[in-house]
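Subject: Structure for you to look at

Hello,

Here is the structure I promised to pass on. Please open it first, then read my notes below.

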Amino acid sequence: MNKGFTLVETLLSLSLLMLTVLSSSRIMVAALAQTRQARARFRLVEKLDYYKNYLSSLPPGAAELAPGLQSGQDGEIRAQWRVEDDGVFLKRVRLEVADAHLSLRLSLCRSQFIREVRP
């Protein structure tokens, strides 16, 4: 009686092993792509937060808060904001931060009256 594996058993087990390795590598590639996208999104959120804090800290008469379209560039990340003034005391700022593949938007309002009332 012969001991060992037949050719069919060997081919079947090798094909199952190959299928397992290929599916796990596909999962790894998808995870790396998701990680790359999350990193890019996190950088945009950081820049959006930076510009939001920067624009919020400026005095109402600052050049960056003049009505119209303003922009800034930080490496490969571009920031644009449009300031709309109602002429009395409210300024609406529409901020957009973008890179080559992704963009995030935020709207905020600046009120000169609220800033003057604070102690």
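One term before the rest: two strands pair if DSSP finds at least two bridges between them. Strands here are DSSP runs of at least two residues, numbered from the N terminus. With that in hand, take one bridge: Glu96 has Arg105 in E4 as its bridge partner.

Please keep in mind that this is a predicted model. The average pLDDT of the protein is 87, and 92% of the residues score at least 70. Residues 115-119 fall below 50, and beyond near neighbours in sequence this stretch has 5 contacts in the model.

The sheet

Four strands make an open sheet in the order E1-E2-E3-E4, with antiparallel pairing. Which strands stand at the edges? They are E1 (68-74) and E4. Each has a single partner strand, so one side of each is left without a neighbour in the sheet. On average, neighbouring strands of this sheet are turned by 20° against each other, direction ignored.

As background, strands of a sheet pair through backbone hydrogen bonds, either parallel or antiparallel.

Now go along the sheet, pair by pair.

- E1 and E2: strand E2 covers residues 77-85, and 7 bridges join it to E1 in the antiparallel sense. Gly68 has Val83 in E2 as its bridge partner. Gln73 is matched with Arg78 in E2. The two strands form a hairpin with 2 residues between them. Gly75, in the turn, has a positive phi of about 70°.
- E2 and E3: these pair antiparallel over 8 bridges. Gln80 finds its bridge partner in Glu96 of E3. This hairpin has 4 residues between its strands, and Gly87 in the turn has a positive phi of about 85°.
- E3 and E4: E3 spans residues 90-98 and E4 spans residues 103-111. They run antiparallel, joined by 9 bridges. They too form a hairpin, with 4 residues between them.

Glu96 is worth finding on screen. Its bridge partner in E4 is Arg105, while Glu96 is also the partner of Gln80.

The helix

Helix H1 takes in residues 7-57. Where does helix H1 lie? It lies across E1, E2, E3 and E4, and runs at about 15° to E4.

Leu16 is part of helix H1. Together with Leu12 and Leu19, Leu16 makes a nonpolar surface patch of about 320 Å².

Salt bridges

The count comes to 6 salt bridges, with a side-chain nitrogen of Lys or Arg within 4 Å of a carboxyl oxygen of Asp or Glu as the rule. One of them joins the side chains of Arg43 and Asp99, at 3.9 Å from N to O. This pair links distant parts of the chain. Arg43 sits in helix H1, Asp99 in the loop between E3 and E4, and they are 56 residues apart.

Best wishes

Terms used: Residues are numbered from 1 along each chain as its sequence is written. This is a predicted model: local features need pLDDT of at least 70, side-chain atom pairs count only at pLDDT 80 or more; totals for chains, interfaces and linings use all residues. Side-chain values use heavy atoms; hydrogens and water are left out. Axes are lines fitted to C-alpha atoms, for helices over the stretch in contact, and angles run from 0 to 180 degrees between N-to-C directions. Contact means heavy atoms within 4.5 Å. Patches are made of residues with over 30% relative accessible area and no salt bridge: like charges are joined within 9 Å, nonpolar side chains (Val, Leu, Ile, Met, Phe, Trp, Tyr) within 5 Å. Accessible areas come from the Shrake-Rupley method with a 1.4 Å probe; for residues, only the protein chains shown count as cover. pLDDT is the predictor's confidence in each residue, from 0 to 100.
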